[in-house]
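Q: Hi! Could you walk me through a few features of this structure? I'll just ask as I go.

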Amino acid sequence: IIMARMWLEALRTIPRPSQKEWKSLGLISKYLISIRAAVLIITLQASFLAAILAYRDHPETFTAWRSFLVTLGLLLCHATNNLLNDVVDYVKGVDKDNYFRTQYGPHPMQSLTRSELWCFILASGLGALAVGVYLTTTGAPAVFYLTLFGAFFLLFYTYPLKYIGMGEVAVFLVWGALMVGGGYCAILGLWNWDVVLASTPLSLGITCIIFGKHIDKIVPDTKKGIYTLPVLLGAPLSRYVAIFMMTMQYVLVVYMVFGSDYFTNGHTRHPYSLMATLVALPSFFEAVRRFSKPAPTSCPKDYPASVWPLWYVGAGFRHAAAFGMVYLLAILVDTVVFNK
């Protein structure tokens, strides 16, 4: 019961156990904490969107088994990326004594033995590869090329892409075209650019999370020579770029309701259920208020000290998670109830 409680805690948030507590944890608990399992919800949303759209378009050939494998493979890829990101940054000296990194829980390079760490990396990476091979050889040859693209971003996101202002672009492509478009292709064996468009509101929100994180880290990243897009653009412009991306999420939804051939079935209907995404507006306004002003120079009295100095990433994550869940539910309702 205690272990199950820790597993649930690791899926809900990022625990920060003491050194004594850490030593008493089992391998599964250590794994979930090390991969930052709580943030995998954004990948879960992308895989679910791929599955819903695949069922929407071709219910006769849709299979829950392939959808499950797509979800499993994408989650394992994300887990592998998180572990490799920590390893590379630590080896390059970025995460050593890095106060920002402590906000994301125990560092695998400090909390795990080397055998545990590489066991986790290999289990996640080889598991994801096995899923890709199976999907490729059982009906979706194009997944081979998508797997190569995925491997490129997985291996090179931390270095050099993040160092040359391409990390944010990579996140946008991965959580949109690659995960949703590629997941759809893996399920049905078909590529559909309309599905990529439908993934864009989701990937914009997720890109805002990484924008917020990199704005928070703009000073230390500049000192360490990590030229993320916010470092290159500067904090003021980056904050407004983030607001623009969040606004575009809703603009695209309105387009899907009234202008998209795909969602209107050739303009024969309007999927008004998608307008339910407006339910996420309170988190949008909260995020806009946060991003529209410079971060305070010290932790405000009413702000959690355990989260400081992270300021923008939390607001970006809350909006992305809220929007993503409502967006998925809206498309699911449109698919099951209205798309006859």
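Q: Which way do α14 and α15 cross, left-handed or right-handed?
A: The crossing of α14 and α15 is left-handed. Keep in mind that this is a predicted model.

Q: Got it. Which residues make that contact?
A: From α14 you have Ser-283, Phe-284, Glu-286, Ala-287, Arg-290 and Phe-291. On the α15 side they are Tyr-312, Ala-315, Gly-316, Arg-318, His-319 and Ala-322.

Q: And what's the mix by class in the contact of α14 with α15?
A: Six of the residues are nonpolar, three are polar and three are charged.

Q: What angle do the axes of those two cross at, and how close do they come?
A: The axes of α14 (residues 281–291) and α15 (residues 312–338) cross at roughly 160° and come within 9 Å. The angle is over 145 degrees, so α14 and α15 count as roughly antiparallel to each other.

Q: What about the loop between α14 and α15, which proline lies there?
A: That would be Pro-309.

Q: Is Pro-309 buried or exposed?
A: Buried, with a relative accessible area of 19%. The cut-off for buried is under 20%, so Pro-309 counts as buried.

Q: How far is the C-alpha of Pro-309 from that of Ala-295?
A: Those C-alpha atoms are separated by 9.2 Å, and the two residues are 14 apart along the chain.

Q: Switching to another pair: how do α7 and α8 pack?
A: Helix α7 (residues 114–137) and helix α8 (residues 143–156) pack at an angle of about 155°, and their axes are 8 Å apart. That makes α7 roughly antiparallel to α8.

Q: Which residues meet there?
A: Gly-132, Leu-135 and Thr-136 of α7 meet Val-143, Phe-144 and Thr-147 of α8. By class, the contact of α7 with α8 has three nonpolar residues, three polar and no charged.

Q: Now the cysteines. How many disulfides are there in the whole structure?
A: Zero, from a search of the whole structure.

Q: Why doesn't Cys-185 form a bond with Cys-77?
A: The closest cysteine sulfur to that of Cys-185 is in Cys-77, and at 15 Å this is too far for a bond. A disulfide needs the two sulfur atoms within 2.5 Å.

Q: Okay, and is Cys-185 buried or exposed?
A: Cys-185 is buried, with a relative accessible area of 2%.

Q: How about Cys-208, buried or exposed?
A: Cys-208 is buried too, with a relative accessible area of 0%.

How values were computed:
Residues numbered from 1 in each chain as written. Predicted model: local features only at pLDDT ≥ 70, side-chain atom pairs only at ≥ 80, totals over all residues. Heavy atoms only, no water. Buried < 20%, exposed > 50% of the residue type's maximum accessible area, 1.4 Å probe, protein only. Axes fitted to C-alpha atoms, helices over the stretch in contact; angles between N-to-C directions. Helix = DSSP H or I, 4+ residues; strand = E, 2+ residues; numbered from the N terminus. Parallel < 35°, antiparallel > 145°, perpendicular 65-115°, else oblique. Left-handed = near helix turned anticlockwise from the far one by under 90°. Contact = heavy atoms within 4.5 Å. Nonpolar A, V, L, I, M, F, W, Y, C, P; charged D, E, K, R; others polar.
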